[in-house]
Amino acid sequence: MSVQPSTVESVLIENRVFPPNEALVRQANISGMAAYQALWKEAKNDYPAFWARLARENLVWTKPFTRTLDESNAPFFKWFEDGELNASANCLDKHMGTPVENKTAIIFEADDGAVTKVTYKELLARVSQFANALKARGVKKGDRVVIYMPMTVEGVVAMQACARIGAIHSVVFGGFSAKSLHERIVDAAAVAVITANYQLRGGKELPLKAIVDEAIETGGCESVKTVFVYQRTATTCNMVGGRDITFAEALAGQSTDCPPVPVSAEHPLFILYTSGSTGKPKGVQHSTGGYLMWSKLTMDWTFDIKPDDVFWCTADIGWVTGHSYITYGPLAAGVTEIVFEGVPTYPDAGRFWQMIERHKCSVFYTAPTAIRSLIKASEADAKVHPARSDLSSLRIIGSVGEPINPEAWMWYYRNVGGERCPIVDTWWQTETGGHMINPLPGVTPLVPGSCTLPLPGIMTEVVDETGQTVPQGAGGMLVVTKPWPSMIRTIWNDPERYKKAYFPEEFGGKIYLAGDGAVRSNGEATKGADRGYFRITGRIDDVLNVSGHRLGTMEVESALVAKTDLVAEAAVVARPDDLTGEAICAFVVLKRARPTGDEATKIAAELRNWVAKEIGPIAKPKDISFGDNLPKTRSGKIMRRLLRSIAKGEAITQDISTLENPQILEQFAQKL
Ligand code: PRX
């Protein structure tokens, strides 16, 4: 794997430093740099003992573990394996008989603004009742259950109910197409699908159940015995006799008591599909013990959670952020959290700020894309500016999913955080299970655009292609040199791919390769204040990040060439975009003559819709251009670096002497 030079060039000199706010430092869960360093010292002194202590302190075990880390079958690491616990019991039952019992667990705000509140005790009853409904339909420990749900309390309940009986959930984001859903149902051989008739987003009713039907009808889904359907709206949907059952029917007569099933710490809690550098998404498999400990502990460390906090993570449960920081972490931490069904721009782009005021949110966690679009909206219309809302309840604000550009960082810091709230810019991945590199509110001086330092025990480094650590100030590949409890365990059905993708032989097969480029600061610009800080420069593989959504270039290419009546060849690259971070650019060769003018516009629209149908609307290419052929070397390799330059509108400086057909560069450079 090589580091693309473009990822390193984009590093800019940033010399603004924001020390932690004194009041926060005094009461922070990790209070001051010395406390952070003490944790690091403990981790370095005895790595397994450090994690064993944290696992004992942060989880309730029905059977204590005696072995902390098993490296005998590396890179298939095992943590706390002989210990037993239940994830749902650690999020719900654990709070019964404590003051948390009657506390609000979830403040749910629907798309239309209706608010409902659920206490921990009520949530436990709902989860237990749904777990009994799953059991009544034959779902048992180890079975896979696909969840294709809107952002509702029921979505969280469905996930927790699976965990309660040891079933493995695989949540599929509600924006994915029938084809993507089908692929995931088949790969996991799911026994049940949990869905809703419709989802509500931005005032629109969008079908979910119809997409489930289409996916199952594609064939190969014989494993699916039950489809549970939550009636989110009054509109009726097709129900297949003998297979489909509404939530109301499934829950009728079921007890609200369901004993949690203890499982080994290594029992898979969930599979979550994510994009890699081939066309086929990877089923990232997470464990119960290590994963849950980390989602709970990072609530305490990164978000400095206190009993009175009102936490809000704006992600969808279809992504890992929603797993760790909606379904598991906040509940394990016993905090009150907001679950939001809608979109940030409906009924207007002030929705987030109004909701923070309405619910007195104190810790807010969102994505740079949302921030950038809300900056734009508030510049166009002062009525939706954060200054119109009372944001004084906020203590800590966070960012996740993609690099945050310093301009957006400053706007967020000033206008949302009131120059008082630290921004925790959290670098992590579906594979890492939880936060890895980020500032701590009571510890770390902030530098815009930098995710700063790794959490205690997380051994990150920047290395070159031979695995050697690069000097500070130089770019390289981000790696994690030691296993950590919440790491991916394998790729579902594909252990070989797990080894190849994450633990390359070149590095001895034991070092985790994140797939991101990074630079550690040499501290020159800040007089040493940010020495050693990490800055993520973007993916070094064929993975795109559009609005914080991860997609493979190969996935989009496969979707395009699947339009066999029209497309002969396609190549996809990313270019920077002010709003979405990266935008998808597709270079297409048709089976007919190269279209121009209106015809080109029409075909491009057709291809966009096609990709939306194949993968989901998030994968629609922003730019599509047509050529007689793709730029290839004489040996037939597509020259992707050239395409990247064209996509960015850069002058071609690369050596094109090996290019078979230079004239087509001109064709592709013509923007539609
Ligand atoms: O490229 C990094 C980027 O998002 C990738 C992981 O995507 P996903 O598995 O979908 O998880 C997203 C939510 C954790 C990473 O490889 N990324 C994520 N957070 C950041 C980031 N890039 C820069 N800064 C971040 N804070």
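In what order do the seven strands of the open sheet stand? The legends below start there.

**View 1. The open sheet of this predicted model runs β5-β4-β17-β16-β18-β19-β20, with mixed pairing.** Strands here are DSSP runs (E, at least two residues), as helices are (H or I, at least four), all numbered from the N terminus, and two strands pair if DSSP finds at least two bridges between them. Look to the edges for β5 (115-119) and β20: each has a single partner strand, so one side of each is left without a neighbour in the sheet. From one strand to the next, the twist averages 20°. Residues are numbered from 1 along each chain as its sequence is written. Because the model is predicted, local features need pLDDT of at least 70 and side-chain atom pairs count only at pLDDT 80 or more, while totals for chains, interfaces and linings use all residues; side-chain values use heavy atoms, with hydrogens and water left out.

**View 2. Strands β16 and β18 run parallel, and a helix packs on the sheet.** Three bridges join β16 (residues 310-313) to β18 (residues 363-366), and C313 stands opposite Y365 in β18. Helix α15 (residues 406-416) touches β18, β19 (396-400) and β20, where contact means heavy atoms within 4.5 Å. The direction of α15 makes about 155° with that of β19; axes are lines fitted to C-alpha atoms, for helices over the stretch in contact, and angles run from 0 to 180 degrees between N-to-C directions.

**View 3. Of the 16 residues around the ligand, D425, T426, T430, D516 and R550 come nearest.** A residue counts as near if one of its heavy atoms lies within 4 Å. Do find the close pairs of N or O atoms (polar contacts, within 3.5 Å): a backbone N or O atom of T426 is 2.7 Å from a ligand nitrogen. Ligand oxygen atoms lie 2.5 Å from a side-chain N or O atom of T430 and 2.5 Å from a polar side-chain atom of D516. Alone, the ligand exposes 540 Å², and the protein buries 95% of that (Shrake-Rupley method, 1.4 Å probe). Strands β20 (423-426) and β25 (534-539) each give two or more residues to the shell.

**View 4. Two cis peptide bonds sit before prolines in loops.** One joins A74 and P75, with omega about 5°; P75 lies between β1 (69-70) and β2 (78-79). The other joins Y346 and P347, with omega about -5°, and P347 lies between β17 (336-340) and α13 (351-359).

Methods: A polar contact is a pair of N or O atoms within 3.5 Å; within protein, one must be able to donate a hydrogen and the other to accept it, and residues adjacent in sequence count only if both atoms are side-chain atoms.
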